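Work through the exercises below with the sequence and the model side by side, and try each task before reading its solution.

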Amino acid sequence: MILILLGPPGAGKGTQAKKLVAKRGLSQLSTGEMLRAEVLAGTELGAHAKRLMDAGRLVPDDVITDMIAKRIEGPDQRNGIVLDGFPRTEAQAKALDEMLARHHTKLDAVIELVVDDNALIDRISGRYSCKKCGAGYHDHFEKPKQAGICDICGGAEFIRRADDNAETVKSRLQSYHAQTAPILPYYRHRGLLRQVDGMALPIEVEHQIDGILDAVSRSSVA
Ligand code: AMP
């Protein structure tokens with residue numbers, strides 16, 4: 001199964017993608033995580049990307065499609081792929097179709113997490129994650145059970161993304177509305193687009209996504 005999770009920053013794409021990895025054995029391809037790894041590794045690509053990421057702007061299409069092309073062919077993609085944060089422009093969406101066609105495969109579904117812009121600023125500006133295992137938390141909405149200790153791995157160090165601040169979020173939202181939302185009709189016309197209520201609790205969003213994917217799996221074997 002090849003699936004895209006679409007939605008503005010803070011809609012819950014990463015959270016839901018990780019659940020699909022755990023439950024369905026899909027590989028998560030997150031361009032944001034790949035770029036942050038380049039920044040951490042101190043590469044030239046990372047330095048260039050960081051300037052754009054910190055300004056809430058998109059990284060050029062050719063950089064992103066090259067990164068995805070390398071990963072989409074990897075050996076660990078047999079159970080399928082969940083794309084999180086890619087594609088973000090029409091050019092990326094078309095490049096993805098071409099890549100999949102070269103591999104004699106195609107998209108099964110595009111799930112849009114629909115969220116109110118006003119909620120996103122609060123959601124993003126309070127979020128942080130465990131440095132060791134990546135588990136996500138929030139200053140107000142999802143605190144660890146014991147303050148300062150990760151519920152999952154017991155880690156005591158946490159990190160915040162440099163671009164998760166109220167100012168950058170506004171530019172990231174503008175990029176989403178100007179460059180990413182216009183690709184929704186591209187998928188709607190092909191009957192691939194499904195919407196879920198991203199304002200619901202994460203567990204409810206997870207159930208909505210499960211329902212969609214079960215229906216997609218049934219229709220592909222029917
Ligand atoms: P994310 O972790 O998906 O929120 O991405 C963080 C930042 O990385 C974005 O604000 C962009 O600057 C950059 N980025 C991630 N994915 C893409 C993409 N598909 N196209 C362009 N820029 C991207």
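**Exercise 1. Locate proline 87 and describe the peptide bond that joins phenylalanine 86 to it.**

Begin with the elements on either side: proline 87 is found in the loop between strand E3 (81–84) and helix H5 (90–102), where helices (H or I, at least four residues) and strands (E, at least two) are DSSP runs numbered from the N terminus. Next, examine the bond itself, which is a cis peptide bond with omega of about -5°. The model is a predicted one, in which local features need pLDDT of at least 70 and side-chain atom pairs count only at pLDDT 80 or more, whereas totals for chains, interfaces and linings use all residues. Residues are numbered from 1 along each chain as its sequence is written, and side-chain values use heavy atoms, with hydrogens and water left out.

**Exercise 2. Find the residues that leucine 96 touches, leaving aside its neighbours within four places in sequence, and place leucine 96 in its nonpolar core.**

First list the contacts (heavy atoms within 4.5 Å): leucine 96 meets Ile4, Ile72, Leu83, Phe86, Pro87, Leu107 and Tyr187. Then turn to the core, a set of buried Ala, Val, Leu, Ile, Met, Phe, Trp, Tyr and Cys residues joined through side-chain atoms within 4.5 Å; here buried means under 20% relative accessible area, exposed over 50%, and partly exposed in between (1.4 Å probe, protein chains only). The largest nonpolar core has 32 residues, and Leu96, Leu107 and Tyr187 are those with the most contacts inside it. Two or more residues come from each of strand E1 (2–6), helix H2 (31–41), helix H3 (44–54), helix H4 (61–72), E3, H5 and helix H8 (184–188). Another core, of 22 residues, lies apart from it and includes Val82, Ile111, Leu120 and Ile124.

**Exercise 3. Decide which residues of H3 are buried and which are exposed on the other side.**

The buried residues are Gly46, Ala49, Leu52 and Met53. Seen down the axis of H3, they fall within an arc of 125°, taken from the directions from the helix axis to the C-beta atoms, and therefore line one face of the helix. Their cover includes H2 and helix H7 (166–180), while on the other side of H3, Glu44 and Arg51 are exposed. Finally, look for a salt bridge (a side-chain nitrogen of Lys or Arg within 4 Å of a carboxyl oxygen of Asp or Glu): aspartate 54 and lysine 50 form one at 2.7 Å, N to O, and these two residues of H3 are four residues apart, about one turn of the helix.

**Exercise 4. Trace the salt bridge between glutamate 206 and lysine 23, and compare the accessibility of glutamate 206 with that of lysine 23.**

The side chains meet at 2.8 Å, N to O, and the pair links distant parts of the chain, with glutamate 206 in helix H9 (residues 202–221) and lysine 23 in helix H1 (residues 13–24), 183 residues apart. Glutamate 206 has a relative accessible area of 14% and is buried, whereas lysine 23, at 40%, is partly exposed. Both belong to a network of salt bridges that links Lys19, Lys23, Arg24, Glu206, Asp210 and Asp214. A search of the whole structure finds 17 salt bridges.

**Exercise 5. Establish where histidine 104 lies and what its phi is.**

Histidine 104 is placed in the loop between H5 and strand E4 (109–114). Its phi is positive, about 55°, although histidine 104 is not a glycine, and the residue is exposed, with a relative accessible area of 75%.
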